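Visitor: Could you take me through one part of this model up close? I'd like to follow a single strand and see what sits around it.

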Amino acid sequence: MNSLKNKVQLIGHLGSDPEIITLENGGKLAKFSLATNETYKNAEGEKVTDTQWHNIVAWGKMAEIAENYLAKGKEIMVEGKLMSRSYETKEGEKRYITEIKCNELLMLGK
């Protein structure tokens, strides 16, 4: 049951081609954004689509799969865990980011 405490599943479309970073040890890191859409009717009865953007990071074999098979617009399912971290910009500003560390990846659609 412990593995269910931090689990995220998303289905969406890639906002851009994955950014692939080759590490000094030869390993790979892939970063990409995923858009998920929710459609509902507002108080006036109009159809509204709410798009949320999610930052995804994939390491090792998952990064290699992303590099070889993913491209902007592709529909995928991602499973992973939510992670938050902070970093400093070149100007010394502290920034915070929330990402999903991809453990599973499934390509959908055509």
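Guide: Let's go through strand S5 and its surroundings, starting from one charged residue. Keep in mind that this is a predicted model.

S5 covers residues 75-88, and Glu79 lies in it. Is Glu79 buried or exposed? Glu79 counts as buried because its relative accessibility is 18%, and the cut-off for buried is under 20%.

So what does the side chain of Glu79 meet? One partner is Lys7, and the two side chains form a salt bridge, at 3.9 Å from N to O. That pair ties together distant parts of the chain: Glu79 sits in strand S5, Lys7 in the segment before S1, and 72 residues separate them. Lys7, for its part, counts as partly exposed, at 42% relative accessibility. On the general side, oppositely charged side chains can pair when their charged atoms come close. The Glu79 side chain also has a polar contact with the side chain of Gln9, at 2.7 Å. If you leave out residues up to four places away in sequence, Glu79 touches Lys7, Val8 and Gln9, plus Lys101, Cys102, Asn103 and Glu104.

Now step along to Val78. With its neighbours within four places in sequence set aside, Val78 is in contact with Val8, Gln9, Leu10, Leu34, Ile56, Ile100, Cys102, Glu104 and Leu105. Val78 also belongs to the largest nonpolar core, which has 17 residues; Ile56, Ile76 and Val78 are the ones touching the most other members. Several elements feed that core with at least two residues each: strands S1 (8-14), S3 (28-41), S4 (47-59), S5 and S6 (94-107), along with helix H1 (60-69).

As for strand pairing, S5 runs antiparallel to S1, with 6 bridges joining them. Within that pairing, Val8 has Gly80 of S5 as its bridge partner. S5 is also antiparallel to S6, and here 13 bridges join the two. Ile76, which we just met in the core, has Met107 in S6 as its bridge partner. The S5 and S6 hairpin has 5 residues between the strands, and Gly92 there takes a positive phi near 90 degrees.

While we're around that hairpin, have a look at Glu93, which forms a salt bridge with Arg95, the closest N and O atoms being 3.4 Å apart. Glu93 is partly exposed, with a relative accessible area of 41%, and Arg95 counts as partly exposed too, at 37%. The structure holds 5 salt bridges, and the Glu79 pair with Lys7 is one of them.

Methods:
Residues are numbered from 1 along each chain as its sequence is written. This is a predicted model: local features need pLDDT of at least 70, side-chain atom pairs count only at pLDDT 80 or more; totals for chains, interfaces and linings use all residues. Side-chain values use heavy atoms; hydrogens and water are left out. Helices (H or I, at least four residues) and strands (E, at least two) are DSSP runs, numbered from the N terminus. Buried means under 20% relative accessible area, exposed over 50%, partly exposed in between (1.4 Å probe, protein chains only). A polar contact is a pair of N or O atoms within 3.5 Å; within protein, one must be able to donate a hydrogen and the other to accept it, and residues adjacent in sequence count only if both atoms are side-chain atoms. Contact means heavy atoms within 4.5 Å. A nonpolar core is a set of buried Ala, Val, Leu, Ile, Met, Phe, Trp, Tyr and Cys residues joined through side-chain atoms within 4.5 Å. Two strands pair if DSSP finds at least two bridges between them. A salt bridge is a side-chain nitrogen of Lys or Arg within 4 Å of a carboxyl oxygen of Asp or Glu.
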